[in-house]
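Open the model in your viewer and show side chains as sticks. This tour tells you what to select at each stop and what you will find there.

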Amino acid sequence: MTDPIADIIGDYRAFAAQQRDRLLARDIDVAPYPLSHLAFRVPEWDQYVHVRTLLERHASANAENVWNGRPISLLALTEPLEVFDGKVVRDIELIPPVHQRVYKMGLEHLGVVVGDGFDAFAREHRSALTGQQFQSETVDPVYVLFEDFTHVKFYRYSLRTGIEHQGGRLDGFQHVDDWVPQRVVTATGPNPLPR
């Protein structure tokens, strides 16, 4: 039996299980928590548009907005993905070319929803955590960065709920229509984005 999502993004089950096992080695057990999403990162803008089109065939909605200077999609899958221990993933975050540092292309992070115990979780696991992102007033995950540049991000709410708290909706297919690939400016100078 074929898996159309795995055909697009790769073996997401193995990726999720690998991230779970890596966390267990750091004394973080994600078994009690629901999953928010899987993130898939692409190196080129044209590939982002292509993968977005393929994923939308298996989604009921896409909330695409601009974050950190480029569009990012959150796709609500028509059929949730089952990963480890009966856990399901309902959304895929699709991320276009890198904006500021080295990231793993392909399956890049697993999102875990900690819920109301988020602050206590962050304190308890501080020594295993790598950092925290401040994406918005309602989305501020802590994360673990692994040696292969993949992550697990821990959220107070699912990424979908965080978007809804900001007034966004995961209803229909919304695209950023007026965005064009920009140039990246780094310490070594302006560099064109790869095409």
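Select phenylalanine 121 in this predicted model. Its relative accessible area is 3%, so phenylalanine 121 is buried. Now add phenylalanine 154, buried as well, at 0%. The ring centres of phenylalanine 121 and phenylalanine 154 lie 4.8 Å apart, and the planes meet at 45°, so this pair is tilted. Follow the chain between the two: phenylalanine 121 belongs to helix H4 (residues 118-124) and phenylalanine 154 to strand E8 (residues 151-155), 33 residues apart. Add Tyr33 to complete an aromatic cluster with Phe121 and Phe154.

Keep Phe154 on screen and select Ile9. In the largest nonpolar core, which has 42 residues, these two touch the most other members. Beyond its sequence neighbours up to four places away, isoleucine 9 touches Phe40, Leu55, Ile92 and Leu107. A separate core has nine residues, including Ala61, Ala63, Leu74 and Val139.

Next, select strand E4, residues 88-95. Is this strand enclosed or open? Six of its eight residues are buried, so E4 is largely enclosed by the rest of the structure. Colour its partners. Strand E1 (residues 35-41) runs parallel to E4, joined by five bridges. Strand E3 (residues 70-82) pairs with E4 in the antiparallel sense, over six bridges. One of the residues to pick out is leucine 75, whose bridge partner in E4 is isoleucine 92. Then look at the turn: five residues separate E3 and E4 in a hairpin, and aspartate 85 there has a positive phi of about 50°.

Move to histidine 37, in strand E1. Its bridge partner in E4 is aspartate 91. Histidine 37 has a relative accessible area of 0%, so it counts as buried. Which side chains make polar contacts with histidine 37? Glutamate 93 does, at 3.3 Å, and histidine 109 does, at 2.9 Å. Show the surroundings too: among the contacts of histidine 37 more than four places away in sequence are Val89, Leu110, Gly111, Tyr155 and Leu159.

For another aromatic stop, select tryptophan 45 and tyrosine 48. The structure holds three aromatic pairs. In this one the ring centres are 4.9 Å apart and the planes are at 20°, so the pair is stacked. Tryptophan 45 and tyrosine 48 sit three residues apart in helix H3 (residues 45-56), so about one helical turn separates them. Tryptophan 45 is buried at 12% relative accessibility, and tyrosine 48 is buried at 0%.

Finish at arginine 22. Its charged end sits over the ring of phenylalanine 146, 4.9 Å from the centre.

Technical notes
Residues are numbered from 1 along each chain as its sequence is written. This is a predicted model: local features need pLDDT of at least 70, side-chain atom pairs count only at pLDDT 80 or more; totals for chains, interfaces and linings use all residues. Side-chain values use heavy atoms; hydrogens and water are left out. A nonpolar core is a set of buried Ala, Val, Leu, Ile, Met, Phe, Trp, Tyr and Cys residues joined through side-chain atoms within 4.5 Å. Buried means under 20% relative accessible area, exposed over 50%, partly exposed in between (1.4 Å probe, protein chains only). Contact means heavy atoms within 4.5 Å. Helices (H or I, at least four residues) and strands (E, at least two) are DSSP runs, numbered from the N terminus. Two strands pair if DSSP finds at least two bridges between them. A polar contact is a pair of N or O atoms within 3.5 Å; within protein, one must be able to donate a hydrogen and the other to accept it, and residues adjacent in sequence count only if both atoms are side-chain atoms. Rings of Phe, Tyr and Trp (its six-membered ring) pair if their centres lie within 6.5 Å; planes under 30 degrees apart count as stacked, over 60 as edge-to-face and the rest as tilted. A charge sits over a ring if NZ of Lys or CZ of Arg is within 6 Å of the ring centre and within 35 degrees of the ring normal.
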